[in-house]
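The following exercises ask the reader to work from a sequence and a set of coordinates towards a description of the fold. Each task is followed by a worked solution.

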Amino acid sequence: MGECLKCGACCKFVAFTVSDMTPDRRDYYQTKGFRVEGSTILIPHISKQLNEDNTCKVHDNKPKICAEFTGQKEGYVVPRGCGYEESTGKEC
Ligand code: SF4
């Protein structure tokens, strides 16, 4: 099942999926410095709510997407080393 190790990695990028990813589009995104995994583009972005010790400034009132993250939902990207990584077999 896995558990959060409080590494903060999931708060340091934004991922979105492009439904019609083509090799040309993949090349384009990569030339812009973005990492592409399949149809998913990963853009480095550190959450403004992340404290230096990887705790969340708004933990008790954080956005739903953060509160529900366990890597179990389709489309979620699980960072390497995430405590949920082994339970999903996925990584980014
Ligand atoms: S990447 Fe995984 S282990 Fe690290 S803070 Fe996010 S949920 Fe927790």
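The exercises below concern a predicted model and proceed from its confidence to its sheet, one strand residue, a helix and the ligand.

**Exercise 1. Confidence**

Task: State the mean pLDDT of the protein, and determine which element has the lowest mean pLDDT and which the highest.

Solution. Step 1: the mean pLDDT of the protein is 84, and 87% of its residues reach 70 or more. Step 2: among the elements, the lowest mean belongs to helix H3 (residues 85–88), at 64, and the highest to helix H1 (residues 23–31), at 95. Step 3: where pLDDT is low, predicted coordinates should not be read in detail.

**Exercise 2. The order of elements**

Task: Count the helices and strands, and write their pattern along the sequence.

Solution. Step 1: the protein contains three helices and three strands. Step 2: read along the sequence, they follow the pattern β-α-β-β-α-α.

**Exercise 3. The sheet**

Task: Determine in what order the strands lie in the sheet, and how many bridges join each pair.

Solution. Step 1: the three strands form an open sheet in the order S1-S3-S2, with antiparallel pairing. Step 2: S1 and strand S2 (35–37) are the edge strands, each pairing on one side only. Step 3: from one strand to the next, the twist averages 25°. Step 4: S1 is joined to strand S3 (residues 40–44) by five bridges, whereas S2 and S3 pair over three bridges. Step 5: as for individual partners, Phe16 has Ile41 in S3 as its bridge partner, and Glu37 stands opposite Thr40 in S3. Step 6: the hairpin of S2 and S3 has two residues between the strands, and Gly38 there takes a positive phi near 60°.

**Exercise 4. The surroundings of Ala15**

Task: Establish whether Ala15 is buried, partly exposed or exposed, and list its contacts beyond four places in sequence.

Solution. Step 1: Ala15 is found in strand S1 (residues 13–17) and stands opposite Leu42 in S3. Step 2: burial requires 20 or more other C-beta atoms within 10 Å, and exposure 12 or fewer. Ala15 has 18 such atoms, so it is partly exposed. Step 3: leaving aside neighbours within four places in sequence, Ala15 is in contact with Thr40, Ile41, Leu42 and Val77. Step 4: Ala15 and Thr40 are 25 residues apart in sequence, yet their C-alpha atoms are 6.4 Å apart. Step 5: for the protein as a whole, residues 24 or more positions apart account for 51% of the contacts with a separation of 6 or more.

**Exercise 5. Helix H1**

Task: Explain why H1 is said to lie largely in the open.

Solution. Step 1: H1 has nine residues, and the number buried is zero, so H1 lies largely in the open. Step 2: for the wider setting, 10% of the 92 residues of the protein count as buried. Step 3: just after H1, Gly33 takes a positive phi of about 95°.

**Exercise 6. The ligand shell**

Task: Identify the residues around the ligand and classify them.

Solution. Step 1: the shell consists of Cys4, Leu5, Lys6, Cys7, Gly8, Ala9, Cys10, Phe69, Pro79, Cys82, Gly83 and Tyr84. Step 2: these residues divide into nine nonpolar, two polar and one charged.

How values were computed: Residues numbered from 1 in each chain as written. Predicted model: local features only at pLDDT ≥ 70, side-chain atom pairs only at ≥ 80, totals over all residues. Near = placed C-beta within 6 Å. Nonpolar A, V, L, I, M, F, W, Y, C, P; charged D, E, K, R; others polar. pLDDT = per-residue confidence, 0-100. Helix = DSSP H or I, 4+ residues; strand = E, 2+ residues; numbered from the N terminus. Contact = placed C-beta atoms within 7 Å. Pairing = 2+ DSSP bridges. Axes fitted to C-alpha atoms, helices over the stretch in contact; angles between N-to-C directions.
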